[in-house]
Amino acid sequence: QVQLVESGGGSVQSGGSLRLSCAASGYTYSRYCMGWFRQAPGKEREGVAAIGSNGSTRYADSVKGRFTISRDNAKNTVYLQMNSLQFEDTALYYCAADQLYWWLLPKYTYWGQGTQVTVSS
(Lines give C-alpha, C1' and ligand atoms only; values in the text may rest on other atoms or scores of the structure.)
Protein backbone atom coordinates (compact mmCIF):
# COMPACT_ATOMS: atom_id res chain seq x y z
CA GLN A 1 0.00 0.00 0.00
CA VAL A 2 1.44 3.33 -1.08
CA GLN A 3 1.67 5.93 1.67
CA LEU A 4 2.82 9.52 1.44
CA VAL A 5 3.22 11.57 4.60
CA GLU A 6 4.00 15.28 4.40
CA SER A 7 5.57 17.36 7.14
CA GLY A 8 7.26 20.70 7.62
CA GLY A 9 4.38 23.08 7.11
CA GLY A 10 3.74 25.99 9.43
CA SER A 11 3.35 29.73 9.73
CA VAL A 12 6.02 32.13 8.54
CA GLN A 13 6.31 35.81 7.77
CA SER A 14 6.63 37.10 4.23
CA GLY A 15 10.19 36.64 3.01
CA GLY A 16 10.77 33.64 5.22
CA SER A 17 11.56 30.02 4.37
CA LEU A 18 10.18 26.56 5.02
CA ARG A 19 11.20 23.07 3.95
CA LEU A 20 8.52 20.50 3.32
CA SER A 21 9.23 16.78 3.42
CA CYS A 22 7.28 13.86 2.02
CA ALA A 23 8.13 10.38 3.26
CA ALA A 24 7.06 7.61 0.91
CA SER A 25 6.52 3.92 1.52
CA GLY A 26 4.91 0.88 -0.06
CA TYR A 27 6.38 1.07 -3.56
CA THR A 28 9.59 1.37 -5.54
CA TYR A 29 9.99 5.02 -4.74
CA SER A 30 13.06 5.67 -6.83
CA ARG A 31 11.24 4.90 -10.10
CA TYR A 32 8.34 7.24 -9.51
CA CYS A 33 7.73 10.81 -10.54
CA MET A 34 7.10 12.90 -7.42
CA GLY A 35 5.21 16.17 -7.32
CA TRP A 36 4.26 18.94 -4.95
CA PHE A 37 0.88 20.60 -5.36
CA ARG A 38 -0.98 23.25 -3.42
CA GLN A 39 -4.57 24.32 -3.00
CA ALA A 40 -5.75 27.58 -1.50
CA PRO A 41 -9.36 28.04 -0.32
CA GLY A 42 -11.67 28.57 -3.27
CA LYS A 43 -8.97 27.77 -5.81
CA GLU A 44 -8.09 24.73 -7.88
CA ARG A 45 -5.20 22.48 -6.99
CA GLU A 46 -2.09 23.60 -8.84
CA GLY A 47 1.24 21.96 -9.53
CA VAL A 48 4.17 23.64 -7.83
CA ALA A 49 7.16 21.41 -8.60
CA ALA A 50 7.93 17.89 -9.76
CA ILE A 51 10.97 15.66 -9.98
CA GLY A 52 11.64 12.57 -12.04
CA SER A 53 13.57 9.45 -11.15
CA ASN A 54 16.68 10.85 -12.85
CA GLY A 55 16.46 14.14 -10.97
CA SER A 56 14.99 16.24 -13.77
CA THR A 57 12.64 18.91 -12.47
CA ARG A 58 9.71 21.10 -13.43
CA TYR A 59 8.46 24.24 -11.69
CA ALA A 60 5.44 26.47 -11.90
CA ASP A 61 6.37 29.94 -13.15
CA SER A 62 5.12 31.46 -9.91
CA VAL A 63 7.75 29.66 -7.83
CA LYS A 64 10.76 29.52 -10.17
CA GLY A 65 13.86 30.85 -8.48
CA ARG A 66 12.25 30.60 -5.03
CA PHE A 67 11.36 26.92 -4.58
CA THR A 68 13.61 23.88 -5.05
CA ILE A 69 12.46 20.28 -5.23
CA SER A 70 14.85 17.46 -4.44
CA ARG A 71 14.72 13.79 -3.59
CA ASP A 72 16.75 11.39 -1.47
CA ASN A 73 16.14 7.91 -2.82
CA ALA A 74 17.99 6.30 0.07
CA LYS A 75 15.50 7.86 2.49
CA ASN A 76 12.45 7.54 0.22
CA THR A 77 11.84 11.23 0.76
CA VAL A 78 11.16 14.21 -1.47
CA TYR A 79 11.69 17.77 -0.28
CA LEU A 80 10.44 21.20 -1.23
CA GLN A 81 12.65 24.05 -0.09
CA MET A 82 10.63 27.24 -0.16
CA ASN A 83 12.43 30.58 0.08
CA SER A 84 11.22 34.17 -0.21
CA LEU A 85 7.74 33.07 0.72
CA GLN A 86 4.89 35.39 -0.18
CA PHE A 87 1.35 35.77 1.11
CA GLU A 88 0.14 34.22 -2.15
CA ASP A 89 2.00 30.98 -1.30
CA THR A 90 -0.45 30.32 1.53
CA ALA A 91 -2.14 26.97 0.82
CA LEU A 92 -2.45 23.34 1.76
CA TYR A 93 0.53 21.59 0.16
CA TYR A 94 0.25 18.02 -1.07
CA CYS A 95 2.81 15.46 -2.11
CA ALA A 96 1.95 13.11 -4.99
CA ALA A 97 3.49 10.09 -6.67
CA ASP A 98 2.95 8.12 -9.87
CA GLN A 99 4.79 5.81 -12.22
CA LEU A 100 3.56 7.99 -15.06
CA TYR A 101 5.23 11.36 -15.52
CA TRP A 102 2.40 13.80 -14.98
CA TRP A 103 4.82 16.50 -13.90
CA LEU A 104 2.64 19.49 -12.86
CA LEU A 105 -0.71 18.02 -13.85
CA PRO A 106 -2.89 16.93 -10.90
CA LYS A 107 -3.41 13.42 -12.33
CA TYR A 108 -1.16 11.51 -9.97
CA THR A 109 -2.45 8.25 -8.54
CA TYR A 110 -1.18 8.61 -4.98
CA TRP A 111 -1.57 11.62 -2.70
CA GLY A 112 -0.62 12.58 0.82
CA GLN A 113 -2.95 14.21 3.31
CA GLY A 114 -1.40 17.66 2.97
CA THR A 115 0.46 20.10 5.19
CA GLN A 116 -0.61 23.70 5.74
CA VAL A 117 1.65 26.61 4.84
CA THR A 118 0.56 30.05 6.03
CA VAL A 119 2.49 33.18 5.08
CA SER A 120 1.65 36.41 6.85
CA SER A 121 2.33 39.73 5.17
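Colleague: In which loop does N76 lie?

Modeller: N76 is found in the loop between β7 (67-72) and β8 (77-82); strands are DSSP runs of E of at least two residues, numbered from the N terminus. This is a predicted model, in which local features need pLDDT of at least 70 and side-chain atom pairs count only at pLDDT 80 or more, while totals for chains, interfaces and linings use all residues. Residues are numbered from 1 along each chain as its sequence is written, and side-chain values use heavy atoms, with hydrogens and water left out.

Colleague: Which residues that are not glycine have a positive phi of about 50 degrees?

Modeller: Most residues other than glycine have a negative phi. Here N76 has a positive phi of about 50 degrees, and W103 also has a positive phi of about 50 degrees. N76 is partly exposed, with a relative accessible area of 26%, whereas W103 counts as buried at 17%. Buried means under 20% relative accessible area, exposed over 50%, and partly exposed in between (1.4 Å probe, protein chains only). W103 lies in the loop between β9 (91-98) and β10 (110-111).

Colleague: How do β7 and β8 pair, and which residues form the covered face of β7?

Modeller: In a regular strand the side chains alternate between the two faces of the sheet. In β7 the covered face consists of F67, I69 and R71, and the uncovered one of T68, S70 and D72. β7 and β8 pair in the antiparallel sense over six bridges, where pairing requires that DSSP find at least two bridges between the strands. R71 stands opposite V78 in β8, and the hairpin has four residues between the strands.

Colleague: How many residues has the largest nonpolar core, and which have the most contacts inside it?

Modeller: In soluble globular proteins, nonpolar side chains tend to be buried together. The largest nonpolar core has 30 residues, and those with the most contacts inside it are Y27, M34, W36, V78, L80, M82 and Y93. Such a core is a set of buried Ala, Val, Leu, Ile, Met, Phe, Trp, Tyr and Cys residues joined through side-chain atoms within 4.5 Å. Apart from this core lies another, of six residues, among them A50, A96, W103 and Y108. Beyond its neighbours within four places in sequence, Y27 is in contact (heavy atoms within 4.5 Å) with V2, L4, Y32, M34 and A97.

Colleague: Which salt bridges involve D89?

Modeller: Side chains of opposite charge can pair when their charged atoms come close. A salt bridge is a side-chain nitrogen of Lys or Arg within 4 Å of a carboxyl oxygen of Asp or Glu. D89 forms one with R38, the closest N and O atoms being 2.9 Å apart. D89 lies in the loop between β8 and β9 and R38 in strand β4, so the pair ties together parts that are 51 residues apart in sequence. R66 also forms a salt bridge with D89, at 2.7 Å between the closest N and O atoms. Salt bridges that share partners join R38, E46, R66 and D89 into one network.

Colleague: What is the nearest side chain of opposite charge to E6, and which backbone nitrogens lie close to polar atoms of its side chain?

Modeller: E6 is buried yet has no salt bridge, and R45, the nearest side chain of opposite charge, is 7.8 Å away; Lys and Arg count as positive and Asp and Glu as negative, with His and the chain ends not counted. The backbone nitrogen of C95 lies 2.8 Å from a polar atom of the E6 side chain, and that of G114 lies 2.9 Å from one.

Notes: A polar contact is a pair of N or O atoms within 3.5 Å; within protein, one must be able to donate a hydrogen and the other to accept it, and residues adjacent in sequence count only if both atoms are side-chain atoms.
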